[in-house]
Amino acid sequence: MIFEGRCWRFGDNIPTDRLVKSKYVFQPMDVIVEHVLEDLSPQFPAQVAPGDIVVAGRHFGQSSGRAIAAKALKATRIGCVVAQTFARTFYRNCFEIGLPAMEVGYIPDLAADGNQIRVDLGTGLFTNLTTGATVQTTPADPFLTEMLNAGGLIDLAKQQPNLFG
């Protein structure tokens, strides 16, 4: 699975409450999407385009394990999200809802807002097409990739009814 798009760069320790503010979690998804990451990047909700790539530092998606944060990010139609590290629950939520995610052990100078990025989940290769910088990381687990290819965990379970026993 290869994704290419414009980079939206965020820092470290981004909690799910900064992805989606609590006051929006019970709103329709089209309303939530208008406010995704707006505190950290006011232009993001209005300018994010299908296929863009969110790149963050350490502990992305920390705090509450609300799946709505990953769902809202996916609803922006980004291609994938890359972080130095993810909160484990957020990382798993991404795959379960069909949002590609990849951990890259080193990001600080690797990408900036607006750079063109390529992410290859199958090989674990992160490439900044603007600068030529690359980082090799561990490819996504095959079961997680299978979930993504199916469209998420629920779709995978529908396709393979004996998957869970």
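## Overall fold

Helices here are DSSP runs of H or I with at least four residues, and strands are runs of E with at least two, numbered from the N terminus. Counted that way, the protein chain of this predicted model has seven helices and seven strands. Walking along the sequence, you meet them in the order β-α-α-α-β-α-β-α-β-β-β-β-α-α. The radius of gyration is 15 Å, close to the 15 Å that the globule rule gives for 165 residues, so the chain is as compact as a globular protein of that length.

Some overall figures help to set the scene. The C-alpha atoms fill a box of roughly 45 × 40 × 25 Å along the principal axes. Of the 165 residues, 48% are buried. Among contacts with a separation of 6 or more, 62% join residues that are 24 or more positions apart. The accessible surface comes to about 7,700 Å², and carbon and sulfur atoms account for 52% of that area.

## The nonpolar core

Let us turn to the interior. The largest nonpolar core has 54 residues, and those with the most contacts inside it are Phe 44, Phe 60, Leu 73, Val 81, Phe 90 and Phe 126. Strands and helices both contribute: the elements that give two or more residues to this core are β1 (2–9), β2 (53–56), α4 (67–75), β3 (80–83), α5 (88–97), β4 (101–103), β5 (116–120) and α6 (142–150).

Phe 90 is a good place to start exploring. Leaving aside residues up to four places away in sequence, Phe 90 touches Thr 16, Leu 19, Phe 60, Gly 61, Ala 69, Ala 70 and Leu 73. Two of these partners, Phe 60 and Leu 73, also appear with Phe 90 in the list of residues with the most contacts inside the core.

## Helices α4 and α5

In α4, the buried residues include Ile 68, Ala 69, Ala 70, Ala 72 and Leu 73. The buried residues of α4 pack against α1 (16–19), α2 (29–33), α3 (44–47), β2, β3 and α5. After α4 comes Arg 77, with a positive phi near 75 degrees.

Helix α5 buries Phe 90, Tyr 91, Asn 93, Cys 94, Phe 95 and Ile 97. Its buried residues pack against α1, α4, β3, β4, α6 and α7 (153–159). Just after α5, Gly 98 also takes a positive phi, of about 90 degrees.

## A proline in α3

Helix α3 contains Pro 45. With a relative accessibility of 17%, Pro 45 counts as buried, since the cut-off for that label is under 20%. Apart from residues up to four places away in sequence, Pro 45 touches Val 33, Glu 34, His 35, Val 36 and Glu 38. Pro 45 and Leu 73 are 28 residues apart in sequence, and their C-alpha atoms are 10.0 Å apart in space.

## Aromatic pairs

The structure holds seven aromatic pairs. In one of them, Phe 60 and Phe 86 have ring centres 6.1 Å apart and planes at 85 degrees, so the pair is edge-to-face. Phe 60 sits in the loop between β2 and α4, while Phe 86 sits in the loop between β3 and α5, so this pair ties together parts that are 26 residues apart in sequence. Both Phe 60 and Phe 86 are buried.

Tyr 91 and Phe 95 form another edge-to-face pair, at 5.0 Å centre to centre and 65 degrees between the planes. These two are four residues apart in helix α5, so about one helical turn separates them. An α-helix has 3.6 residues a turn, so residues three or four places apart point the same way. Tyr 91 and Phe 95 are both buried. Together, Phe 60, Phe 86, Phe 90, Tyr 91 and Phe 95 form one aromatic cluster.

## Cysteines without disulfides

How many disulfides does the structure have? The count is zero. A disulfide is a covalent bond between the sulfur atoms of two cysteines. For Cys 7, the nearest cysteine sulfur belongs to Cys 80 and is 10 Å away. For Cys 80, the closest cysteine sulfur is in Cys 94, at 9.9 Å, which is too far for a bond. Cys 7 is buried, with a relative accessible area of 1%, and Cys 80 is buried with a relative accessible area of 1%.

Definitions and conventions
Residues are numbered from 1 along each chain as its sequence is written. This is a predicted model: local features need pLDDT of at least 70, side-chain atom pairs count only at pLDDT 80 or more; totals for chains, interfaces and linings use all residues. Side-chain values use heavy atoms; hydrogens and water are left out. A nonpolar core is a set of buried Ala, Val, Leu, Ile, Met, Phe, Trp, Tyr and Cys residues joined through side-chain atoms within 4.5 Å. Buried means under 20% relative accessible area, exposed over 50%, partly exposed in between (1.4 Å probe, protein chains only). Contact means heavy atoms within 4.5 Å. A disulfide is a pair of cysteine sulfur atoms within 2.5 Å. The radius of gyration is taken over C-alpha atoms; the globule rule is 2.2 Å times the number of residues to the power 0.38. Accessible areas come from the Shrake-Rupley method with a 1.4 Å probe; for residues, only the protein chains shown count as cover. Rings of Phe, Tyr and Trp (its six-membered ring) pair if their centres lie within 6.5 Å; planes under 30 degrees apart count as stacked, over 60 as edge-to-face and the rest as tilted.
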